[in-house]
Amino acid sequence: MNENELMNTANELLKQQQWKEAGTLFRQVWENENNAYAASRYLKCLRKAGYASASIKQGNKALNQFPGNKYIKNELVWAYYDDTIKPEESKENLYQLIESAKIILSLQPDSLAKELTVFAVIKAAKQKEKWDIVLEWCNVLKPEELNDEPTIIDGRRGRSRKEQWFFAKVKSLIELELWKEARVCALAAIKVYPKEMNFYRFSAGALANLGEEEKAILELQDILLKHREEWYIYQDLSDIYLSINQPETALKFACQAALSPGEDKIKVTLYEKICQQSLLLGKLEMSAQHLELSKAIREREGWKVKDTLQQLQTKINQEITNQQLTFTQFEGDITKLNQICRKYWKEILYEDIPRYCGTIESLPPNQAHGWIIDDTGNRVFFLQKDLPKFLRKENQRVSFILQESYDRKRDRKSFKAADFQIQKQ
């Protein structure tokens with residue numbers, strides 16, 4: 001067969017993914033006819049057949065023969081990617097991974113190969129908490145050039161490459177305590193992703209660390225009113241109030257975080273903070289119960305009990321001895337500890353807040369809200385998810401408190417009923 005016939009046959013075999021047979025013919029054309037395109041196809045066949053390292057060796061030979069050939073460079077990029085970036089074991093040696101990535105970048109890869117390579121380095125560096133490297137490699141890419149289509153992982157929608165980039169860069173700036181840059185980057189992310197609450201959090205957190213705690217508090221409260229009430233926003237507020245020496249207010253927000261929806265295992269650090277804060281405020285029994293809750297959750301999950309918890313245990317035991325206190329501790333009983341701690345959260349959060357009485361007027365089906373008529377005749381809005389199931393019936397008498405809310409229809413602050421209880425006769 002002549003060169004054209006060999007190439008046609010090889011291309012047909014390539015379409016049929018018969019890599020070995022196609023590769024043999026492409027190599028023959030490359031070596032006999034000095035054909036650069038045939039060389040690039042041979043490299044592809046080697047890589048697809050599972051011989052990425054051989055494709056690298058042959059690719060460097062081909063690139064010396066045909067300097068700057070874009071097809072050979074492209075195949076060499078993917079050979080390096082498959083051999084040195086893609087395998088899971090490659091992620092273990094971060095610095096070797098970086099060297100491989102630098103080789104790929106030197107070959108001027110297309111946008112997809114560049115993204116995959118850079119994100120592989122970013123991911124590995126994040127796992128090893130090498131935030132300076134994360135930041136350095138984030139800066140290799142420009143967000144406006146990144147794909148903003150959601151990724152699909154195991155059939156589920158995930159963050160786009162652009163959104164992942166913003167998360168990685170803001171996180172690295174925060175970890176490196178580059179607060180001004182973190183604030184700027186988070187604000188830029190908010191413009192692109194106005195519904196992603198974490199960027200608002202990052203922005204407010206950076207502001208607090210720039211010494212603008214009061215402004216940061218207002219921003220976090222605005223998130224709670226206008227977006228969603230999430231437990232970790234209340235924890236952020238607690239942390240800021242503690243940093244400005246307002247421990248009582250800090251404890252209130254920590255208790256609000258504890259009462260908000262969320263699995264106990266993801267709140268285990270929050271419970272440790274409540275233990276610390278209540279100990280600071282002299283609430284010894286409350287502190288001891290939260291210590292036991294933190295320990296019990298960690299033991300249930302198979303996690304190590306941290307040194308900080310052991311240190312808190314020593315302090316609490318010493319105070320119990322000094323004050324000659326006795327009280328029941330339910331070691332390891334998560335259900336009972338949750339009940340006890342929940343009682344503390346409500347006492348701390350709702351102390352000195354006036355309660356009102358009224359009658360549930362309506363629970364519209366397929367609606368998130370409901371209405372109460374209070375004893376002065378006012379109609380009060382509430383969210384049905386906040387109403388315990390045993391109280392979900394019209395004409396039910398209840399007592400409640402009022403919490404600040406946000407009326408999206410009227411674009412203004414409002415109030416809602418919360419903390420429902422059966423009205424005591």
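What covers the buried residues of α1? Keep that in mind as you open the structure, which is a predicted model, and start at the beginning of the chain.

**Stop 1: helix α1**

Select residues 3–15, the 13 residues of helix α1. From the first C-alpha to the last, α1 reaches 18 Å, close to the 18 Å expected at 1.5 Å a residue. Now colour L6, M7, A10, L13 and L14, the buried residues of α1. Turn the view until you look down the axis of α1: these buried residues fall within an arc of 125°, so they line one face of the helix. The spacing fits a familiar rule. An α-helix has 3.6 residues a turn, so residues three or four places apart point the same way.

Show N4 and K15 next; on the other side of α1, both are exposed. To settle the opening question, bring up α2 (19–33) and α3 (36–48), which are included in what covers the buried residues of α1. Before leaving, click on Q17, which follows α1 and has a positive phi, near 60°.

**Stop 2: a loop with a positive phi**

Move along to N245, in the loop between α13 (231–243) and α14 (247–259). Its backbone deserves a click: N245 has a positive phi of about 60° although it is not a glycine. Is N245 buried or exposed? With a relative accessible area of 65%, N245 counts as exposed, because the cut-off for that class is over 50%.

**Stop 3: the salt bridges**

Switch on the charged side chains. The model has 25 salt bridges in total, and a few of them make good stops.

Begin with E351 and K252, whose side chains meet in a salt bridge at 3.6 Å, N to O. E351 sits in the loop between α18 (334–350) and β3 (356–362) while K252 belongs to helix α14, so the pair ties together parts that are 99 residues apart in sequence. E351 is partly exposed, with a relative accessible area of 39%, and K252 is partly exposed too, at 28%.

Next, zoom in on E292 and K295 in helix α16 (residues 284–301). The closest N and O atoms of this salt bridge are 3.6 Å apart. E292 and K295 are three residues apart in the helix, which means that about one helical turn separates them. E292 is buried at 3% relative accessibility, and K295 is buried at 16%.

Then pick K346 and D419, another salt bridge with an N to O distance of 3.6 Å. Here K346 lies in helix α18 and D419 in strand β7, so the pair ties together parts that are 73 residues apart in sequence. K346 is partly exposed, with a relative accessible area of 33%, whereas D419 is buried at 10%.

For one more selection of charged residues, take R41, R47, E75 and D82: salt bridges that share partners join them into one network.

**Stop 4: back to D419**

D419 is worth a second click. Which strand holds D419? The residue lies in strand β7, residues 412–422. As with N245, the backbone angle draws the eye: D419 has a positive phi of about 50° although it is not a glycine.

**Stop 5: M286 and its surroundings**

Return to helix α16, where you will find M286. Is M286 buried or exposed? At 2% relative accessibility, M286 counts as buried, because buried means under 20%. Leaving aside neighbours within four places in sequence, show the residues in contact with M286: L251, C255, I274, S278, Y344 and I348. For a distance label, join the C-alpha atoms of M286 and Y232; these residues are 54 apart in sequence and 21 Å apart in space.

**Stop 6: a nonpolar patch on the surface**

Finish with a surface view. Which residues make the nonpolar surface patch of about 280 Å²? Select Y356, L402 and F415 to see it. Of these, L402 is found in strand β6, residues 397–407, and counts as partly exposed at 33% relative accessibility.

Conventions:
Residues numbered from 1 in each chain as written. Predicted model: local features only at pLDDT ≥ 70, side-chain atom pairs only at ≥ 80, totals over all residues. Heavy atoms only, no water. Patch = residues over 30% accessible without salt bridge, like charges linked within 9 Å, V, L, I, M, F, W, Y side chains within 5 Å. Areas by Shrake-Rupley, 256 points an atom, 1.4 Å probe, with all protein chains shown as cover. Salt bridge = Lys/Arg side-chain N within 4 Å of Asp/Glu carboxyl O. Helix = DSSP H or I, 4+ residues; strand = E, 2+ residues; numbered from the N terminus. Buried < 20%, exposed > 50% of the residue type's maximum accessible area, 1.4 Å probe, protein only. Expected span 1.5 Å × (residues − 1). Arc of directions from axis to C-beta. Contact = heavy atoms within 4.5 Å.
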